[in-house]
Amino acid sequence: IQKLCDRVASSTLLDDRRDAVRALKSLSKASTEKYRLEVGIQAMEHLIHVLQTDRSDSEIIGYALDTLYNVISNDLEEEEQEENLPKQVDDLGSQFTEIFIKQQENVTLLLTLVEEFDFHVRWPGVKLLTSLLKQQGPQVQQIILVSPMGVSRLMDLLADSREVIRNDGVLLLQQLTKSNAAIQKIVAFENAFERLLDIVTEEGNSDGGIVVEDCLLLLQNLLKNNNSNQNFFKEGSYIQRMKPWFEVGDDNCGWSAQKVTNLHLMLQLVRVLVSPTNPPGATSSCQKAMFHCGLLQQLCTILMATGVPADILTETINTVSEVIRGCQMNQDYFASVNAPSNPPRPAIVVLLMSMVNERQPFVLRCAVLYCFQCFLYKNQKGQGEIVSTLLPSTIDATGNSVSAGQLLCGGLFSTDSLSNWCAAVALAHALQENATLKEQLLRVQLATSIGNPPVSLLQQCTNILSQGSKVQTRVGLLMLLCTWLSNCSIAVTHFLHNPANIPFLTGQIAENLGEEEQLVQGLCALLLGISIYYNDNSLENYRKEKLKQLIEKRIGRENFIEKLGFISKHELYSRAAQKPQPSFSSPDHMMFDHEFTKLVKELEGVISKAIYKSSEEDKKEEEVKKTLEQHDNIVTHYKKVIREQDQELEELKQRINTLTSQNEQLQATVTQQVSQIQQHKDQYNLLKVQLGKDTQHHNSHSDTFQMNGIQVEEVSKLKEELEEWKNKHELLQGQLREKDSVIDKLKSSQLEMGTTEQSLQTSKSGGLEHNNELQKELEMLRSQIQLQSAEISKLQTENQKLQVMNTTADPVLGDSGATAANNSELEGQLEREIKELKSEVKALSEEKESLKQHLDSSSSTVAILQDEKSKLQQEVAESKKEQDDLLVLLADQDQKLSALKIKLKDLGVPVEDEDDIESGDQGDEDEDGDEEEQD
């Protein structure tokens with residue numbers, strides 16, 4: 001090896017150096033690890049020098065690259081590997097890689113060599129770079145990232161026509177993009193998605209070979225946990241290109257292992273795009289795109305197909321779960337999917353049958369549970385449909401079809417503990433964050449055995465708990481009860497109504513049991529805490545304060561809090577809290593649900609505080625809650641008022657906009673009319689000038705023709721003016737009709753006022769006379785308008801005569817004097833007609849103004865009459881009041897007189913008879929009357 005290295009370093013002939021490098025390559029591939037070590041130690045520097053200096057000879061470059069690859073790579077033949085060798089090999093390759101990349105120029109040199117098109121240079125260069133990335137990935141990635149166009153140069157490998165280089169280029173990019181978001185973005189924006197999807201299509205999609213697998217692994221590297229690339233993939237419409245991957249035929253038997261692997265990776269790639277760990281907005285947009293392009297429908301077809309391998313079916317269920325999770329549109333579609341059976345059954349029912357069937361594989365049952373959870377996630381409509389199948393009014397009496405609710409109840413009370421757990425968790429998800437359904441589920445009654453009365457679902461769950469079944473079953477039922485009772489006071493009241501429940505819970509918590517039972521104790525403590533926290537004190541024996549005293553006496557507060565903490569400290573709780581998908585190594589580890597862990601986090605602290613709170617603090621808290629509710633009501637009221645005001649503002653703004661537009665239109669019409677009047681004036685002046693010219697140049701026939709043409713135009717203008725006068729006439733008639741209606745209203749109001757006192761009639765008569773005068777004036781106006789209409793008809797007949805004259809006029813007039821006379825007569829006639837029309841318009845406007853004044857005066861007289869009427873009514877009321885007061889005084893005087901007469905009689909004084917008194921009184925009254933007359 002030493003001699004060969006000397007030859008490489010010192011030989012002047014290229015052939016000698018080439019032979020020496022070829023010999024070193026052979027030694028580096030030798031079976032003994034010692035040769036590889038020696039070649040690496042002694043020859044690496046010389047080989048790098050060859051790469052730098054002998055670039056012109058592709059053969060020696062190829063040998064040098066192969067030798068370096070053999071030294072650095074750990075890909076030994078399997079039959080030559082020994083048990084204790086792999087670790088040493090890994091260390092050796094890593095050490096040589098570290099030596100090679102210590103000089104960053106070596107990696108840059110390698111990148112330039114990879115650009116060479118020569119197969120003997122490019123292929124070993126790609127393999128060497130891949131091996132370097134395997135050994136020291138992050139360091140080599142950083143060097144490539146900072147080198148100019150480093151990543152872009154490697155992207156060209158995907159476009160190489162030689163499949164070997166292209167396929168090894170995919171493997172190189174796999175290593176390059178591992179755990180490096182910056183490189184992933186560069187590769188994606190270098191059109192990697194387009195090229196990789198083209199390769200997958202060329203290779204036959206899922207029927208392709210290992211190249212398809214490599215491309216899918218590279219796509220996963222680019223998309224996983226990279227929001228930017230996921231968004232780019234969606235915006236580039238690449239999701240639509242995934243649909244053909246999942247087209248399966250009727251005969252799905254005999255799939256090759258490679259096809260199963262490819263389809264598995266394709267499903268995983270879909271899941272990467274809709275993973276629950278992605279930002280919600282990105283996931284939602286991908287879910288919608290998958291529905292619109294038909295990808296979800298294609299996955300549901302695989303779900304219901306026959307002959308699909310079990311692991312592909314399981315992964316398809318998981319994929320469909322995440323595509324529909326939290327997306328109402330996709331969830332509604334999934335609810336409508338039917339299995340191809342006779343009669344057809346909903347896909348949800350078929351899947352639930354697999355979940356509660358203990359003969360099905362454990363992984364498949366977990367996948368179905370996840371699918372059911374995703375279907376119900378943020379789907380109140382789906383939750384209602386599932387719970388409705390349990391309610392008495394909707395259960396199918398014929399028993400021909402099995403509903404989802406019946407399957408869940410069957411699983412809940414079967415002998416298989418795994419079915420119990422899965423059914424309990426599924427039912428808990430149907431109640432998640434839905435207080436209405438929690439109350440409705442209290443109506444569910446179960447027939448336990450023939451002859452016995454039915455019991456409620458809540459009662460049956462507590463009965464099974466108290467019977468001491470398996471730990472998994474009890475954990476599932478306790479999770480269901482905790483979810484059911486949380487944030488539902490009515491359910492808590494129903495639970496406490498059974499007198500056996502609280503003693504059972506306190507007994508379970510107080511006992512010192514083994515490690516397996518500690519989980520059950522913790523859940524019992526949580527359930528008891530929920531019964532206290534959400535208790536509305538409707539049951540006297542189970543009020544909050546009494547339950548706290550019971551805990552203090554039977555268990556102890558510190559002991560209760562300790563048992564409550566058993567849940568969150570459990571190892572299986574930590575695993576379940578990591579991600580929504582239930583993934584368990586064995587059925588025994590299936591204890592906690594992801595959504596339930598969120599509930600525990602939410603309630604653990606508040607229950608601990610509630611246990612230590614006094615009754616006074618509870619009262620204060622209730623008062624605070626009430627005030628908060630009142631504040632919320634006030635806020636909602638003001639929000640409503642603000643919304644109404646906003647609507648009114650919008651309406652007013654719209655009205656303003658319409659009014660401004662109308663104003664602009666009116667202004668435009670005014671300006672247009674002004675311009676038309678100016679045009680008429682100009683044409684009239686032009687006509688006068690033209691007529692003067694015609695009298696001077698009466699011998700020219702062309703002028704006569706022009707004159708006739710102008711007369712025709714003037715006649716058309718006169719027609720337009722007549723039409724305008726007609727319109728004005730109609731407008732005036734409309735205004736007169738409006739005035740008539742106003743006068744009729746005044747008449748009716750005056751007739752109504754005629755029923756009041758006689759004193760008002762005299763004042764009203766003046767108003768009626770005034771109205772009669774107004775009617776007379778209106779009659780006069782009508783007669784004037786009729787005269788005007790007669791004049792307009794007269795003008796129309798004259799206009800027709802003019803037209804006839806124009807048509808009958810000889811184009812060549814021999815007598816110039818006659819034409820001049822006719823023109824002057826026509827001009828004078830036009831001027832007179834225009835003056836008459838103007839005077840009529842002026843008279844009409846004056847009459848309109850006088851009408852307005854009359855109307856105003858009449859309205860003012862009516863107002864004066866109304867004021868006089870109100871004053872008179874007040875005077876009448878005051879006079880009546882004075883009369884009533886006088887009558888009261890007279891009655892008092894009569895009483896006093898009678899009392900005095902009685903006293904005088906008692907004293908023995910003689911009193912006059914009543915007749916005398918009456919006559920005396922009458923005389924007094926006459927004297928009073930005379931005095932009043934004198935006054």
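In this predicted model, Arg271 and Glu315 form a salt bridge in which the closest N and O atoms lie 3.0 Å apart. Arg271 belongs to helix α15 (residues 257-273) and Glu315 to helix α18 (residues 310-324), so the pair ties together parts that are 44 residues apart in sequence. Both ends of this bridge are worth a look for their surroundings. Arg271 has a relative accessible area of 13% and is therefore buried, the cut-off being under 20%. Glu315 is buried as well, with a relative accessible area of 8%.

A further bridge joins two helices elsewhere in the chain. The side chains of Glu517 and Arg474 meet at 2.8 Å, N to O. Since Glu517 sits in helix α30 (residues 515-533) and Arg474 in helix α27 (residues 471-485), the pair ties together parts that are 43 residues apart in sequence. Glu517, at 19% relative accessibility, counts as buried because the limit is under 20%. Its partner Arg474 is buried too, with a relative accessible area of 9%.

Towards the start of the numbering, Asp54 and Arg17 bring their side chains together in a salt bridge of 3.1 Å, N to O. This pair links distant parts of the chain, 37 residues apart: Asp54 is in the loop between α3 (33-53) and α4 (58-72), while Arg17 is in helix α2 (residues 14-28). Asp54 is buried, at a relative accessible area of 8%, and Arg17 likewise counts as buried, at 14% relative accessibility. Asp15, Arg18, Asp19, Arg22, Asp57 and Glu59 are linked in a network of salt bridges. The structure holds 25 salt bridges. Side chains of opposite charge can pair when their charged atoms come close.

Cysteines give another picture, as the structure holds zero disulfides. Two cysteines can be placed by their accessibility: Cys5 is buried, with a relative accessible area of 1%, and Cys293 is also buried, with a relative accessible area of 15%.

How far can the reader lean on the coordinates? The protein chain has a mean pLDDT of 82, and 82% of its residues reach 70 or more. Two stretches call for some care. Over residues 699-710, pLDDT stays under 50, and the model has 13 contacts beyond four places in sequence for this stretch. Over residues 808-820, pLDDT again stays under 50, with eight contacts beyond four places in sequence. Where pLDDT is low, the predicted coordinates should not be read in detail.

How values were computed:
Residues numbered from 1 in each chain as written. Predicted model: local features only at pLDDT ≥ 70, side-chain atom pairs only at ≥ 80, totals over all residues. Heavy atoms only, no water. pLDDT = per-residue confidence, 0-100. Contact = heavy atoms within 4.5 Å. Disulfide = S-S within 2.5 Å. Buried < 20%, exposed > 50% of the residue type's maximum accessible area, 1.4 Å probe, protein only. Salt bridge = Lys/Arg side-chain N within 4 Å of Asp/Glu carboxyl O. Helix = DSSP H or I, 4+ residues; strand = E, 2+ residues; numbered from the N terminus.
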